[in-house]
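Reader: Hello! I have a chain on my screen and would be glad of a close look at one part of it, with the surroundings filled in afterwards. Could you walk me through it in one go?

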Amino acid sequence: MPKIVDPEARRLEIAEAVFRVIQRDGLPQASLRSVADEAGLAIGSVRHYFKGHDELIVFAMRSLGDRLVVRLLGHLPDLLDPAAPRARRQEVTEALLSELLPLTEQTQAETDVWLAFTAAAKNRPDLAEEAARTHDGVRALVRRVLEGAHGAGGLLDDLDLAIETERLAALLDGLALSAGRTPPELMRTVLRRHLETLRAP
């Protein structure tokens, strides 16, 4: 019997090959041919799942953003648990926000690839749309985290949550850009110290 292939799973496998090529060689080298070679597929197989190079790159960028959002949302049940003690909510908040930092080999690789995508998005409207979608989604989640902590009495009363959302997001963006020069433990410490400045006594 012919092997049954899940089309979406195969598309995600090809996206993973895109990520590896970008991290190793840069986005300009992620051609259909190089991605097919990386995935161990014939170029015709890649074309079966994607109409062309542009569609492949947009899909890869979207899938990388979606992967991050899924990980972030995985922390929300614990974070929004009204019965959770304050110390537990603080721990989960830090864990959730740490997902946005290159603290492991995997997240460092994801950050490298994401930065390559966002750099290219300056000249590509199709990628700019995906960059904006993820940017807005992350900031909405950061805002939700801060609103939840504020509502639970965990933050200072007079905080401007709109400003604090941007300030925290900018801190996370800056730390991500400093990857390779700032050790992971120092990134964690900087994030923790920032959160401490927002907390009610």
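**A close look at arginine 11**

Author: Arginine 11 sits in helix 1, which covers residues 7–25. Please keep in mind that this is a predicted model, so every value here is computed from its atoms.

Is arginine 11 buried or exposed? Its relative accessibility is 17%, and because the cut-off for buried is under 20%, arginine 11 counts as buried. Which residues does arginine 11 touch once its neighbours within four places in sequence are left aside? The partners are Tyr49, Phe50, Glu55 and Phe59. Of these, Glu55 and Phe59 fall within the span of helix 4, residues 53–73.

Now let us step back to the chain around this residue. The chain holds 10 helices and 0 strands, and its pattern along the sequence reads α-α-α-α-α-α-α-α-α-α. Along the principal axes, the C-alpha atoms fill a box of roughly 60 × 40 × 30 Å. Arginine 11 belongs to the 43% of the 201 residues that count as buried. Taking contacts between residues at least 6 apart in sequence, 65% join residues at least 24 apart. On the outside, the chain exposes about 10900 Å², with carbon and sulfur atoms supplying 56% of that area. The chain carries 26 positive and 31 negative charges, and the mean positions of the two sets are 2 Å apart.

Next, the empty space. Rolling a probe the size of a water molecule over the atoms reveals where such space is left. The largest pocket holds about 590 Å³. It is lined by 24 residues, and the closest to its centre are Leu68, Leu100, Trp114, Asp173 and Ala176. Helix 4, which also contains two contact partners of arginine 11, supplies at least two residues of this lining, as do helix 7 (105–121), helix 8 (125–151) and helix 9 (161–177).

What does a search of the whole structure find in the way of cavities of 30 Å³ or more? There is 1, with a volume of about 210 Å³. Its lining is made of 16 residues, and Arg89, Gln90, Thr93, Ala149 and Leu155 lie nearest the centre. Helix 6 (86–98), helix 8 and helix 10 (184–198) each give two or more residues to that lining. Helix 8 gives the largest share, 5 residues.

Helix 9, one of the contributors to the pocket lining, offers a pair of residues to set beside arginine 11. Leucine 161 is found in helix 9 and counts as buried, because its relative accessibility is 14%. Not counting residues up to four places away in sequence, leucine 161 touches Arg143, Leu146, Glu147, His150 and Leu155. Leu155 is also among the residues nearest the centre of the largest cavity. Leucine 161 and glutamate 105 are 56 residues apart along the chain, and their C-alpha atoms are separated by 32 Å.

Alanine 162 lies in helix 9 too. With a relative accessible area of 39%, alanine 162 is partly exposed. Glutamate 147, a contact of leucine 161, is 15 residues from alanine 162 in sequence, and the C-alpha atoms of glutamate 147 and alanine 162 are 9.8 Å apart in space.

Notes. Residues are numbered from 1 along each chain as its sequence is written. This is a predicted model: local features need pLDDT of at least 70, side-chain atom pairs count only at pLDDT 80 or more; totals for chains, interfaces and linings use all residues. Side-chain values use heavy atoms; hydrogens and water are left out. Helices (H or I, at least four residues) and strands (E, at least two) are DSSP runs, numbered from the N terminus. Buried means under 20% relative accessible area, exposed over 50%, partly exposed in between (1.4 Å probe, protein chains only). Contact means heavy atoms within 4.5 Å. Accessible areas come from the Shrake-Rupley method with a 1.4 Å probe; for residues, only the protein chains shown count as cover. Lys and Arg count as positive and Asp and Glu as negative; His and the chain ends are not counted. The place of a charge is taken as NZ of Lys, CZ of Arg, CG of Asp or CD of Glu. On a 1 Å grid over the protein atoms alone, a cavity is a set of points where a 1.4 Å probe fits but cannot get out, and a pocket is an open set with protein on both sides within 12 Å along at least five of seven lines; lining residues have an atom within 4 Å of a point. Grid points are joined across faces, edges and corners, and a volume is the space filled by probe spheres set on the points.
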